Amino acid sequence: MTWKKFSGEVIQSSILEEIEKAIIRETENGFKLKVCIGTDSQVKGAITDFATVIVLLREHHGGFMYIHQEKNSAQVTIKERMLMEVQKSIETAYSICDLLDIYDVALEVHADINTNPSFKSNKALNDAMGYILSMGFIFKAKPEAFASSTCADKMVH
């Protein structure tokens, strides 16, 4: 799985090693961190572009992110696509949660799903919330889900 920085620089080490280096560096600089993970997607013709982000927030001092992008040619419904986004976020969260526990870094999983029933993505809200919470993660949906609805969104548009 290839991860990169927002600058486009490809991460040469594993994302786990990169996150650990970042946690050590940032905490040594006196910052309290929180990690927010989210995925967004955009259908472009017959291809769906997915972007998953790991956002490291420095309390009151901004943050930075790592990005993984992939393309999928499967034709799916809006609900299926929303749940694919959630699955990608959960897989990423699961892969780093033990490391975050070691360093006592909080973790949230953000879903790019609207809480307003008049939006199509709302069809997946209950399933996504149940999936994320049942995995033991903190769940955020729009408008609080900035990792998916702003950061990952920027990468697929």
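Buried means under 20% relative accessible area, and I kept that cut-off beside me while looking through this structure, which is a predicted model.

**Entry 1: Glu26**

I began with Glu26, which I found in helix α1, the run of residues 15–28. Is Glu26 buried or exposed? Its relative accessible area is 4%, so Glu26 is buried. I then looked up what Glu26 touches and, leaving aside residues up to four places away in sequence, I noted Phe31, Leu33, Arg58 and Phe64.

**Entry 2: salt bridges**

Next I turned to the charged side chains, where the count comes to 11 salt bridges. One of these joins Arg25 to Glu26, with 3.2 Å from N to O; Arg25 counts as partly exposed because its relative accessibility is 37%. I also noted that Arg25, Glu26 and Arg58 are linked in a network of salt bridges, and Arg58 had already appeared in my list of residues that Glu26 touches.

I looked at two other salt bridges as well. Between Glu9 and Lys5 the closest N and O atoms are 3.7 Å apart; Glu9 is partly exposed at 45% relative accessible area, and Lys5 is partly exposed at 28%. Between Lys140 and Glu144 the closest N and O atoms are 3.8 Å apart, and Lys140 is partly exposed, with 23% relative accessibility.

**Entry 3: aromatic rings**

How many aromatic pairs does a search of the whole structure find? I found one, made by Phe64 and Tyr66, whose rings are edge-to-face, with 6.0 Å from centre to centre and 85° between the planes. Phe64 is buried with a relative accessible area of 18%, and Tyr66 is buried at 2%. Phe64 is also among the residues that Glu26 touches.

**Entry 4: cysteines**

I searched the whole structure for disulfides and found zero. For Cys36, the nearest cysteine sulfur is that of Cys151, 8.5 Å away, whereas a disulfide needs the two sulfur atoms within 2.5 Å. Cys151 is likewise in no disulfide, and its nearest cysteine sulfur is that of Cys36. I noted the surroundings of both: Cys36 is buried at 0% relative accessibility, and Cys151 is buried at 17%.

**Entry 5: a nonpolar surface patch**

Last, I looked at the surface, where Tyr94, Tyr131 and Met135 make a nonpolar patch of about 310 Å². Where is Met135 placed? I found Met135 in the loop between α3 (125–134) and β6 (138–141), and I recorded Met135 as partly exposed because its relative accessibility is 36%.

Conventions:
Residues numbered from 1 in each chain as written. Predicted model: local features only at pLDDT ≥ 70, side-chain atom pairs only at ≥ 80, totals over all residues. Heavy atoms only, no water. Buried < 20%, exposed > 50% of the residue type's maximum accessible area, 1.4 Å probe, protein only. Patch = residues over 30% accessible without salt bridge, like charges linked within 9 Å, V, L, I, M, F, W, Y side chains within 5 Å. Areas by Shrake-Rupley, 256 points an atom, 1.4 Å probe, with all protein chains shown as cover. Salt bridge = Lys/Arg side-chain N within 4 Å of Asp/Glu carboxyl O. Helix = DSSP H or I, 4+ residues; strand = E, 2+ residues; numbered from the N terminus. Contact = heavy atoms within 4.5 Å. Phe/Tyr/Trp six-rings, centres within 6.5 Å; stacked < 30°, edge-to-face > 60°.
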